[in-house]
Amino acid sequence: MKRLLVGYRAQDLFVKGRRGAKRPSPLLEGDVTCHVLDIYHRHAIEKTHHVKAICSAHLPEGPWDEIYFKTGSKIMSGELALDLLQEVSRLAGGNLKPPQFHLEFDGKERDRNALLEKVLDDPDRVRSFSAKWRASVPGCPPIELTSFPGCFCHRRPDDGGLALAEVVSRELASRGDSGRKLKLLDMGCGCGLVGFLVASAVKNIDLVMVDSHSRAIEATTLNSKNLGLPAEAILSDNGTPARMDGSFDVFVGNPPYYSDYRIAEVFLDTAVRSLRTGGLCYTVVKNDAGLRPLQERYFPVVEVIRRRGYCVLKSVKTA
Ligand SMILES: C[S@@+](CC[C@H](N)C(=O)[O-])C[C@H]1O[C@@H](n2cnc3c(N)ncnc32)[C@H](O)[C@@H]1O
């Protein structure tokens with residue numbers, strides 16, 4: 001019996017036993033594979049459970065005897081849920097019923113049924129949820145980017161990302177050594193908004209883009225090809241260990257601010273280790289009160305540049 005679990009996180013794979021003690025869920029018994037979209041979740045599952053976990057932008061091909069899909073409005077967007085359910089339906093040969101298929105829906109029964117009906121009513125219809133949209137920095141023609149459900153800023157540019165791209169493009173364009181090729185690391189690149197805008201405005205840049213989300217990396221790879229802007233796209237949630245060699249000229253990051261700045265800290269640690277002496281670190285945040293003291297632990301000086309209602313925090317790496 002080969003079972004595929006989709007949408008489950010490490011904490012979902014426990015059940016409470018007697019006296020509240022946690023034990024592995026019966027879902028994990030047998031030949032089980034967990035699919036996740038973010039490599040952070042793969043690492044969390046591998047750390048806590050003896051089970052195979054795959055992180056990829058699309059569901060692994062079967063054959064699967066059983067597919068369990070966990071979703072709900074607090075777990076993922078409706079668009080991502082429908083996109084994944086379409087993939088599940090294809091893998092299950094259209095059979096979205098037990099015992100082959102099980103839907104664990106966190107939410108109202110009517111929302112659960114509405115989701116299922118969308119696929120069951122027209123099983124041959126394959127909807128595409130990718131979106132193309134444009135973004136630009138002042139003085140440069142717009143670039144067209146593609147994003148997918150699950151990517152940060154799907155369908156529209158993020159204002160924080162735009163603020164960061166605008167400040168970095170302006171500063172790099174006015175630098176003195178404009179002839180020299182620059183190495184730029186865009187961490188948490190999403191679909192590549194910041195890195196590609198900067199590279200389109202400031203020629204002569206080598207781009208390395210990192211994200212923990214497989215669909216962000218899929219979108220970045222596609223956008224690099226479509227824009228003709230070569231970029232190395234790396235799936236990672238702990239920086240780029242092999243590349244943190246102190247050779248980068250510029251680091252840009254628009255980190256997520258949930259998790260009490262823990263992820264922002266991974267970004268800053270990567271910045272300080274990947275930049276050369278004299279290299280520039282730029283991060284962006286709505287309000288600098290929380291990030292600024294953290295960035296000061298990694299860099300001696302933090303300058304705040306305000307743009308679009310956001311704060312871009314600039315630091316220079318010293319020896
Ligand atoms: C706020 S979004 C910014 C996306 C893009 N740079 C922009 O400005 O539109 C943060 C991104 O960081 C990614 N991310 C979260 N944790 C990460 C980690 N540990 N390592 C790398 N990327 C991470 C998320 O997947 C997401 O794409």
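Which elements do the buried residues of α6 pack against? Keep that in mind while you load the structure, which is a predicted model; we'll get to α6 after a look at the whole thing.

**Stop 1: the whole chain**

Start with a cartoon view. You should have 8 helices and 16 strands on screen. Switch to the C-alpha trace and line up the principal axes: the protein spans about 65 × 45 × 35 Å along them. The radius of gyration is 22 Å, which agrees with the value near 20 Å for a compact globule of 319 residues. Colour by burial and 42% of the 319 residues count as buried. If you draw a contact map, counting contacts with a separation of 6 or more, 68% of them come from residues 24 or more positions apart.

**Stop 2: helix α6**

Now select residues 214-227, which make up helix α6. Put a distance between its end C-alpha atoms and you get 20 Å, in agreement with the 20 Å that 14 residues should span at 1.5 Å a residue. Next, show side chains for the buried residues of this helix: S214, R215, A216, I217, E218, A219, T220, N223 and S224. Here's the reply to the opening question: they pack against β5 (52-55), β9 (143-147), α5, β11 and β12 (231-235). Step just past the helix to G228, where phi is positive, at about 70 degrees.

**Stop 3: around the ligand**

Centre on the ligand and bring up the 22 residues that surround it. The closest are F152, G161, G188, G190 and N254. Three elements give two or more residues each to this shell: α5 (193-201), β11 (205-211) and α7 (262-274). Two of those names, α5 and β11, you've already met as packing partners of the buried α6 residues. Colour the shell by residue class and you'll count 13 nonpolar, 6 polar and 3 charged.

**Stop 4: the nonpolar cores**

In soluble globular proteins, nonpolar side chains tend to be buried together. For the case in hand, select L164, L197, V198 and F251: within the largest nonpolar core, which has 60 residues, these touch the most other members. Zoom in on F251 and, leaving aside its neighbours within four places in sequence, show its contacts: L185, M187, A271, S274, L275, G279, C281 and Y282. Then move away to another core, which lies apart from that one and has 31 residues, V32, I45, L59 and L80 among them.

**Stop 5: backbone oddities**

Two peptide bonds to check, both cis. One joins G62 and P63, with omega at about 10 degrees; look for P63 in the loop between β5 and β6 (66-72). The other joins P98 and P99, with omega at about 5 degrees, and P99 is in the loop between α2 (78-91) and β7 (101-106).

Then go to C153, in the loop between β9 and α4 (159-173). Its phi is near 55 degrees, positive although the residue is not a glycine. Is C153 buried or exposed? Buried, because 21 other C-beta atoms lie within 10 Å, and 20 or more is enough to count.

Last pick: S259, in the loop between β13 (248-253) and α7. S259 also isn't a glycine, and its phi is positive too, near 65 degrees. This one is exposed, because it has 12 other C-beta atoms within 10 Å, and the cut-off for exposed is 12 or fewer.

Notes: Residues numbered from 1 in each chain as written. Predicted model: local features only at pLDDT ≥ 70, side-chain atom pairs only at ≥ 80, totals over all residues. Near = placed C-beta within 6 Å. Helix = DSSP H or I, 4+ residues; strand = E, 2+ residues; numbered from the N terminus. Nonpolar A, V, L, I, M, F, W, Y, C, P; charged D, E, K, R; others polar. Rg over C-alpha atoms; globule rule 2.2 N^0.38 Å. Contact = placed C-beta atoms within 7 Å. Expected span 1.5 Å × (residues − 1). Core = buried A, V, L, I, M, F, W, Y, C linked by C-beta atoms within 7 Å.
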